[in-house]
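Student: I would like to go through this model step by step. Please keep the answers short and end each on the value or name I ask for.

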Amino acid sequence: VTVSSFYMDETEVSNIDYRKYIYWLNRVYKSYPEVYKKALPDTLVWREELAYNEPFVETYFRYPSYDDYPVVGVTWDQCNAFCAWRTLKWNDYRTMQKEAPLDQFRLPTEYEWEYAARGGRNLSPYPWGGPYVRNTKGCLLANFKPGRGNYPEDGGFYTVNAKSYWPNDYGLYNMAGNVAEWTSTAYEDDANAFIHDKQPDFRY
């Protein structure tokens, strides 16, 4: 497929970035606490499937040690609302600088995300190139479970700092592993059969 030029953040959205958003909501919509509550990430995701993670339910999103870790437990709607807020704040800043507003922040399409994740290595299965998940020294190149019962071997027992490991050739971090990432594209098994191969996107 072919996609037009686009920008992408070099890291996943961090806890501190998302906290700025919900603090702004709390300040602006003080009379409507339900707006603020709808934006909060679901920290109960730490109780699902994995082992004893109860401390993360309370600490991961708000504790300063995890400021630069990726936010988790956010829905697709929350991500889109966050993008709209970033657009508003960025364009407010540009207006104060007497500059023209720019395009809006948004989730990438699935095809844009894949293009960015590959980092220019179109035939490689991983962002760093090659079929291997370890470098020549035997170190893992991303945060994912390398084997049964051995979560911390890759350097992170759970998530890791959003700027961990080497970036790909486009300067983007953690395009494999760490956390799942949302795109704007809806999921359909055979979407490629009925969408155009130029700037493709599929939404419900």
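**Charges, fold and contacts**

Student: How far apart are the mean positions of the positive and negative charges of the protein?

Tutor: This is a predicted model. The protein carries 22 positive and 28 negative charges. The mean positions of these two sets are separated by 7 Å.

Student: Which pattern does the protein follow along the sequence?

Tutor: The protein has 5 helices. Its strand count is 0. Read along the sequence, the pattern is α-α-α-α-α.

Student: What share of the residues is buried?

Tutor: The C-alpha atoms fill a box of roughly 55 × 45 × 35 Å along the principal axes. The protein has 204 residues, and the buried share of them is 34%.

Student: What share of the exposed area do carbon and sulfur atoms supply?

Tutor: The protein exposes about 13,600 Å². Of this area, carbon and sulfur atoms supply 54%.

Student: Among contacts between residues at least 6 apart in sequence, what share joins residues at least 24 apart?

Tutor: The count starts from contacts between residues at least 6 apart in sequence. Those joining residues at least 24 apart make up 58%.

Student: Which residues make the nonpolar surface patch of about 440 Å²?

Tutor: One of its members is M96, found in helix α4, residues 76–96. M96 counts as exposed because its relative accessibility is 64%, and the cut-off for exposed is over 50%. The patch is made by W90, Y93, M96 and L102.

Student: Is N91 buried or exposed?

Tutor: N91 lies in helix α4. Its relative accessible area is 14%. Buried means under 20%. N91 is therefore buried.

Student: Which residues does N91 contact, leaving aside neighbours within four places in sequence?

Tutor: N91 belongs to helix α4. With the neighbours within four places set aside, its contacts are P101 and L102.

Student: How many salt bridges does a search of the whole structure find?

Tutor: One of the pairs is R94 with E99. Another is R118 with E114. A search of the whole structure gives a total of 8.

Student: In the salt bridge of R94 with E99, how far apart are the closest N and O atoms?

Tutor: R94 is buried, at a relative accessible area of 14%. E99 is partly exposed, at 36%. Their closest N and O atoms are apart by 2.9 Å.

Student: What separates R118 and E114 along helix α5?

Tutor: R118 and E114 form a salt bridge, with closest N and O atoms 3.0 Å apart. R118 is partly exposed at 26% relative accessibility, and E114 is partly exposed at 33%. Both sit in helix α5, residues 110–118. They are 4 residues apart, so the separation is about one helical turn.

Student: How many residues apart in the chain are D169 and R121?

Tutor: D169 forms a salt bridge with R121, the closest N and O atoms being 3.1 Å apart. The pair links distant parts of the chain, though both residues are in the segment after α5. Their separation in the chain is 48 residues.

Student: Is D169 buried or exposed?

Tutor: Its partner R121 is partly exposed, with a relative accessible area of 31%. D169 has a relative accessible area of 53%. The cut-off for exposed is over 50%. D169 is therefore exposed.

Methods
Residues numbered from 1 in each chain as written. Predicted model: local features only at pLDDT ≥ 70, side-chain atom pairs only at ≥ 80, totals over all residues. Heavy atoms only, no water. Helix = DSSP H or I, 4+ residues; strand = E, 2+ residues; numbered from the N terminus. Buried < 20%, exposed > 50% of the residue type's maximum accessible area, 1.4 Å probe, protein only. Contact = heavy atoms within 4.5 Å. Areas by Shrake-Rupley, 256 points an atom, 1.4 Å probe, with all protein chains shown as cover. Lys, Arg positive; Asp, Glu negative; His and termini not counted. Charge placed at Lys NZ, Arg CZ, Asp CG, Glu CD. Patch = residues over 30% accessible without salt bridge, like charges linked within 9 Å, V, L, I, M, F, W, Y side chains within 5 Å. Salt bridge = Lys/Arg side-chain N within 4 Å of Asp/Glu carboxyl O.
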